Amino acid sequence: MPNADYRTLVRDNYRRLSQSIQGFNPRREQNYLVAEIGKVLLGHYDRTRRILVAEAGTGIGKSLAYLQAGIPWARLNQKKLIISTATLALQEQLVDKDLPLFQPHCRPDFTFALAKGRARYCCVRRLEALARGDSQFSLFDAADSLSPLQQRQLAELWQAWCGKTWLGDRDSWPQPVDDALWQQLQAERHHCQPQLGHGHCPFHLARAELDKVDIIVVNHALLLADLKMGGGVVLPEPEQCLYILDEAHHIAAVAREQGSARLALRQARRGLEQFNKGLGSFSDLLGEEGQQPLGRLQQALQQLLPALTTLYSRLDGALQRKELCPDEQGCLRFATGELPGFMDEGLSTLKEDNKAFGRALERVQGLLGEQLKRQPAKAAAMEAALAVLSQQQLRGEQTRDLCELLLRPIGPKQTPPARWLEQASQELTLCATPLAVGHLLEQWCWSRAAAVVMVSATLTALNDFGYFRRAVGLKADDGSHYLRLHSPFDYRSARLIIPRLDCEPTDAGFDRLLAEQVPVWLADQDASLVLFSSYRQMQGVAEALRAKGFSLLVQGEASRQALLQLHKQQCDGSRPSVLFGTGSFAEGLDLPGHYLTNLIITKLPFAVPTSPVEEAMAEWITLCGGNAFMQLAMPEASRKLIQACGRLLRTETDHGRIVLLDKRLVSRRYGAALLDALPPFTRELS
């Protein structure tokens, strides 16, 4: 591809776009981002590794920038453009606003679609079976009974599908679908049977559309799930893709989630026992040639059940004897990832028996699929049997993944996974999560993709890319290019107020202080957002303020969308409005202009290292001679604080103030570093 052709296309597309928008205002930072993405894609910095990490501050217009640079390159090079985001709000912005805006002005032209996970679609066979009460399909764990409300909703869904007024995806249904009902309807990978065809399956119909479009908008979880399976399962092969990872600061956390595994031992045993009771019904379906494989499956099952029972009994016995001591929440983390000796033996036995069970299961599954082709008259019964087998296969894979994570040897320079036990109401659950996922991302994506562009408003921590780079597995000298562009907004016009307070968040009287201080900073303000570090604290302050007569919109008391709609209605009607929210309201919330002029942050967003994963990460850094607070807590708090402060100014004309009710910004030595990493607000000590 001649470079001149690509550059000409980008310039011409920009000219058409700028001329079509009334009052178009060129943004120097946006144009620079377009140019730098183009240079990386053309191989100016490294021809073998086209990777850009770009921090683009609020107001630059990064979405339109990467569309201008990425689409022509992908189309000219016959690559699929995959745009991955962390939030539904940004996906909707791309699909409903940014892509349609750019589409008429772009050459070459392009088509696009939104990709969603399989669980967002219903399985039509499940829907039909449940709607008709087909007893042959009694394969759902939660299908014992439906409430009258669930029955009405089920009937409406089935009627809409039959009337072709619903596409079969949860997001297009006008009202929220009951969670318990949807669990019985949703499509699942192990429930889909290729032998039955997918001509009317909502998921596969949507999947077929992805092959026809040039741009696919997806979320990080679905992208990484596909990459974990080797790529090319739902999305194209990585070698055929230009990936644009927006909100890229979430990538490492999502990768950890994808690599995690957990196994509830009693639940797993009950599931196998229930499966064992129903195995007799498989005999007639399999025919004579299937009797021997069915016998082997039963034999493998009889070995697997004692393995689960023995492991549970040994763990329970150690807990009873106080050899293992969980905390008050029933969680016991195994320090440095080291398991008690008796667990190694039990897990090794479980792993081998589960492997034998999986092989036997696969054989019976294959034979049943062949019988389905020969005896279509028994399709309903065979499909139900195949679904039961597939459910067991899924559980077997979960057991396999858990055993591998728990038993994997840890080399001298390797980061151990977080490994822990959860005890609750007669159940013991074993859990494991990899801490270092950079090598996985390198293996899944960085080393295979045609090109990768990672963008976010917050990729640096304490003014450095090092924290992010280490988290996602990039190296300072691997050919990746880094870019940092500051927001064009006039931050000095906004005030950052740090009141002189009597106590810190760690003091016993801090909740009482918040109940006194928050009303002071809400007085005479039209549009306020108050961010809390915990639901408990938020609910306590809300209760105290309501007792004083305050009208509040509190996260969790209605849907996020409903709360924001009410907030905007009150602001538009010149009525004071106060939103209370926690961490999820500190990111991705867009309240421009008069919808937010008063932002109150009650506490610095330090993560409390109470989760097993956070504890394990801090422990490993300490064991390696590092400082967990400075290397983990501080960078993450800095990034989250910048995100939270970013809620105030959303356009060039926005104004207002930020009130930080945490005296540690001025009383602790690290406070200066956190303040210096923020945009240049006008600071005030009151």
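These questions and answers cover a four-stranded sheet and two helices in a predicted model.

Local features need pLDDT of at least 70 and side-chain atom pairs count only at pLDDT 80 or more, while totals for chains, interfaces and linings use all residues. Residues are numbered from 1 along each chain as its sequence is written, and side-chain values use heavy atoms, with hydrogens and water left out.

Student: What is the order of the four strands in the open sheet?
Tutor: Strands (E, at least two residues) and helices (H or I, at least four) are DSSP runs numbered from the N terminus. Two strands pair if DSSP finds at least two bridges between them. The pairing here is antiparallel, and the order is 6-9-8-7.

Student: Which are the edge strands?
Tutor: An edge strand here pairs on one side only. That applies to strand 6 (261-264) and strand 7 (331-333).

Student: Which residue in strand 9 is the bridge partner of Ala418?
Tutor: Strand 8 (residues 418-424) and strand 9 (residues 427-433) pair in the antiparallel sense over seven bridges. The partner of Ala418 is Thr433.

Student: How is helix 11 oriented relative to helix 15, roughly parallel or roughly antiparallel?
Tutor: Axes are lines fitted to C-alpha atoms, for helices over the stretch in contact (heavy atoms within 4.5 Å), and angles run from 0 to 180 degrees between N-to-C directions. The axes of helix 11 (residues 265-277) and helix 15 come within 11 Å and cross at roughly 155 degrees. Angles under 35 degrees count as roughly parallel, over 145 as roughly antiparallel, 65 to 115 as roughly perpendicular and the rest as oblique. Therefore helix 11 is roughly antiparallel to helix 15.

Student: Which residues of helix 15 meet Gly271, Leu272 and Phe275?
Tutor: Those three residues belong to helix 11. Their counterparts in helix 15 are Val388, Leu389, Gln392 and Arg395.
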